Amino acid sequence: MAVRAVETKAAGDKEILSGLHRFSRYEPPGNVLSDIKEWYGIYGLLVLKKEFSDRLRLQVFDKVILNRLGKNKDLAGLLTEPAEDGWFVETDQRGNVKQALVTAGYPVKDLCGYTTGDALPVRLRDVDTSGNEFALRDYQEEAVDVFHQGGRSSGGNGIIYRAGGHLKDIRAYPAGSGRVQGN
């Protein structure tokens, strides 16, 4: 099972790098390629999970990283109580912990999910101000669905990146709202 996970991870790494080369107009900088390999290799070794209503658990599956994080001054006040495989974290420090981990070079897989809030009944127009039909394209709907992941705890985390002028706010809205009502 562990060997299969490593093979899958390596295949994903190669797919990302291949896509960068295929779709880039110029050769991607070496430091960018190196960072992607390093971060992709680390991702999943740190997992943030909801343990109790007021506490999260940061699990670290690599002893060297566990030791390094224990000595990290930026994390010292955020990691409240040691656990066998990591630390407990106060729920309200989730963002600060994730930011400090990324700054330290350790992206965390966040499986905490979100607390469902009150519904915000907003809909996108069916027709734009020029009278043209307005709707997300199929690939945009697919991107929203992949990002949202059906509301699972692993969904809704990440960055939607597109070059300027590509209606990012219109694409991000359905992901942030769970789904657009009426569409």
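Strands S1 (residues 46-50) and S2 run antiparallel and are joined by five bridges. Keep in mind as you look around that this is a predicted model. The points below start with S2 and its partners, then turn to helix H5.

**Strand S2 and its neighbours**

- S1 leads into S2 by way of a hairpin of four residues.
- To find your place in this pairing, look for Leu46, which stands opposite Val60 in S2.
- S2 also pairs with strand S4 (residues 86-90), again in the antiparallel sense and over five bridges.
- A handy landmark here is Gln59, which sits opposite Gly86 in S4.

**How covered is S2?**

- S2 spans residues 55-60 and is mostly covered, with six of its six residues buried.
- One side of the strand carries Arg55, Arg57 and Gln59, and the other carries Leu56, Leu58 and Val60; both faces are covered, and all of these residues are buried.
- Two of these buried residues have already come up: Val60 is the one opposite Leu46, and Gln59 is the one opposite Gly86.

**Helix H5, side by side**

- In helix H5 (residues 138-148), the buried residues are Gln140, Val144, Phe147 and His148.
- These four lie on the same side of H5 because they cover an arc of only 90 degrees around the axis.
- Turn to the other side of H5 and you will find Asp138, Glu142 and Val146, which are exposed.
- Just after H5 comes Gln149, with a positive phi near 55 degrees.

Technical notes
Residues numbered from 1 in each chain as written. Predicted model: local features only at pLDDT ≥ 70, side-chain atom pairs only at ≥ 80, totals over all residues. Heavy atoms only, no water. Buried < 20%, exposed > 50% of the residue type's maximum accessible area, 1.4 Å probe, protein only. Helix = DSSP H or I, 4+ residues; strand = E, 2+ residues; numbered from the N terminus. Pairing = 2+ DSSP bridges. Arc of directions from axis to C-beta.
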